[in-house]
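The following exercises are to be worked through with the sequence and the coordinates at hand. Each task is followed by a stepwise solution.

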Amino acid sequence: KMNFLNNILLFTFLLNAHYCSGIYWLGITVNGSSVGWNQTHHCKLLEGLAPDQLQLCRRNLELMHSIVQAAKLTKLTCQKTFTDMRWNCSSIEKAPRFTPDLSKGTRESAFVFALAAAVLSHSIARSCASGDLPSCSCAPTPAEKPGPDFRWGGCGDNIAYGLNMGSAFSDAPVKNSRSGSQAFRLMHLHNNAVGRQCLSDAVETKCKCHGVSGSCSIKTCWKGLQDIGHVATDLKSRYLTATKVTHRHVGTTRQLVPRELDVRPVRDTELVYLVSSPDYCTANEKFGSLGTQDRHCNKTTSGSDSCSLMCCGRGYNRYMEKVVERCQCKYHWCCYVTCKKCERTVERYVCK
Ligand SMILES: *[C@@H]1O[C@H](CO)[C@@H](O)[C@H](O)[C@H]1NC(C)=O
Ligand SMILES: *[C@@H]1O[C@H](CO)[C@@H](O)[C@H](O)[C@H]1NC(C)=O
Ligand SMILES: *[C@@H]1O[C@H](CO)[C@@H](O)[C@H](O)[C@H]1NC(C)=O
Ligand SMILES: *[C@@H]1O[C@H](CO)[C@@H](O)[C@H](O)[C@H]1NC(C)=O
């Protein structure tokens with residue numbers, strides 16, 4: 001009987017390990033932040049890298065700084081983007097040991113996969129432009145004609161290189177594994193691609209003026225990526241409208257299709273998930289829900305952080321907090337500013 005239980009536990013563990021292996025690399029911050037990434041044995045610092053990721057690491061050691069940076073930025077950005085939601089992405093800090101909210105093919109994991117893929121390519125593209133990588137540099141001059149009032153110049157983020165190396169790294173654990181469910185692999189690859197698509201959409205033309213005393217008679221422009229916060233906001237709205245899917249045979253291959261009676265293929269722009277999420281109102285370890293007790297809420301908004309939505313109708317407690325601010329600032333000739341410190345009492349609300 002014990003043996004049977006053990007087997008079930010092991011089986012569950014392996015399933016979970018497979019389902020989230022695609023974002024396993026986010027755990028690289030645990031051991032990887034403090035090394036120089038100048039020796040190939042550093043690649044072993046993160047247990048459970050896929051074979052292709054290991055090979056990529058050994059051949060492109062200098063890339064690993066960008067990957068560590070990307071893992072940090074993914075965690076930070078996810079939590080910032082979801083600070084006003086019941087599920088607030090705090091569990092991402094557990095990487096690479098994910099809880100069910102991120103390991104079971106939920107809407108939340110769809111967001112994190114897409115965000116991680118986008119941030120990774122973003123970091124690499126930026127590192128190329130700032131000269132941190134020997135294998136790449138500024139993007140080639142854009143093929144399109146420059147406008148009438150500027151010429152191409154400066155140093156553009158190398159988006160093509162970022163997308164290329166980024167997808168090689170983030171898709172490797174899912175692409176080349178034969179184990180696990182095909183539906184999960186298709187879902188992860190799809191969401192990674194949606195993340196990179198959002199990144200490609202976040203390209204803008206940035207310019208710099210030259211000429212006598214900033215007259216801007218000469219302008220040079222380049223293609224640069226918008227901040228990752230912009231991409232995260234875009235992905236969050238796709239998270240809110242994500243589609244629950246299932247997979248079915250189409251000829252000899254399998255394909256993701258919406259679960260509802262909605263006969264159409266999955267769109268390239270939508271995030272997809274396989275498993276419905278709990279409402280995250282109450283704590284439940286089985287679903288990876290932390291509940292919203294003691295979370296701050298906002299009494300004057302009607303958004304997702306409003307007290308009624310955040311607290312799921314349980315009500316809230318009020319408390320007073322003193323905040324210290326700089327005030328009555330004066331400018332002194334020349335050149336400094338002095339301020340007083342003012343104390344103010346504000347009302348705060350936390351969910352029951
Ligand atoms: C690797 O980098 C660390 C710090 O960045 C340095 O102390 C060490 O000497 C380097 N090792 C090699 C083999 O280059
Ligand atoms: C960090 O390194 C230790 C020691 O090598 C290892 O036991 C542990 O699994 C590593 N942690 C991660 C997240 O890879
Ligand atoms: C996120 O939610 C958890 C669980 O409710 C809470 O413990 C944590 O403080 C929250 N984090 C932030 C930044 O609000
Ligand atoms: C609450 O929401 C209102 C309206 O969105 C906003 O102006 C205010 O700063 C928020 N208060 C807190 C404490 O976040």
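**Exercise 1.** Leaving aside neighbours within four places in sequence, with which residues is glutamine 53 in contact? Determine also whether glutamine 53 is buried or exposed.

*Solution.* The model is a predicted one.

Step 1. Locate the residue: glutamine 53 belongs to helix 3.

Step 2. List the contacts. Once neighbours within four places in sequence are set aside, glutamine 53 is in contact with Trp25, Phe169, Ala172 and Pro173.

Step 3. Assign the burial class. The cut-off for a buried residue is under 20% relative accessible area. Glutamine 53 counts as buried because its relative accessibility is 2%.

**Exercise 2.** Identify the residues with the most contacts inside the largest nonpolar core, and state which helix supplies its largest share.

*Solution.*

Step 1. The largest nonpolar core comprises 61 residues, and those with the most contacts inside it are Trp25, Leu26, Cys78 and Val112.

Step 2. Helices that each supply at least two residues of this core include helix 3 (51–59), helix 4 (63–81) and helix 6 (107–129). Helix 6 provides the largest share, 13 residues.

Step 3. Examine tryptophan 25. Not counting residues up to four places away in sequence, tryptophan 25 touches Gln53, Phe169 and Ser170, among others; Leu46, Leu49, Ile67 and Leu120 are also among the residues touched.

Step 4. A second, separate core has 8 residues, among them Ala183, Met187, Val245 and Val272.

**Exercise 3.** Which residues surround ligand 3, and which polar atoms of asparagine 88 and glycine 291 approach its oxygen atoms?

*Solution.*

Step 1. The surrounding residues are Asn88, Ser90, Leu290, Gly291 and Arg295. By class, this shell divides into 1 nonpolar, 3 polar and 1 charged.

Step 2. For asparagine 88, a polar side-chain atom lies 2.4 Å from an oxygen atom of ligand 3. For glycine 291, a polar backbone atom is 3.0 Å from an oxygen atom of ligand 3.

Step 3. Ligand 3 exposes 360 Å² when taken alone, and the protein buries 49% of that area.

**Exercise 4.** Which residues are around ligand 4, and how does its shell divide into nonpolar, polar and charged residues?

*Solution.*

Step 1. Asn298, Thr300, Thr301 and Arg348 are the residues around ligand 4.

Step 2. The shell contains no nonpolar, 3 polar and 1 charged residues.

Step 3. A polar side-chain atom of asparagine 298 is 2.3 Å from an oxygen atom of ligand 4. On its own, ligand 4 has 360 Å² of accessible area, of which the protein covers 31%.

Terms used. Residues numbered from 1 in each chain as written. Chains lettered and ligands numbered in written order. Predicted model: local features only at pLDDT ≥ 70, side-chain atom pairs only at ≥ 80, totals over all residues. Heavy atoms only, no water. Near = heavy atom within 4 Å. Polar contact = N/O pair within 3.5 Å; in protein donor to acceptor, adjacent residues only side chain to side chain. Areas by Shrake-Rupley, 256 points an atom, 1.4 Å probe, with all protein chains shown as cover. Nonpolar A, V, L, I, M, F, W, Y, C, P; charged D, E, K, R; others polar. Core = buried A, V, L, I, M, F, W, Y, C linked by side-chain atoms within 4.5 Å. Buried < 20%, exposed > 50% of the residue type's maximum accessible area, 1.4 Å probe, protein only. Helix = DSSP H or I, 4+ residues; strand = E, 2+ residues; numbered from the N terminus. Contact = heavy atoms within 4.5 Å.
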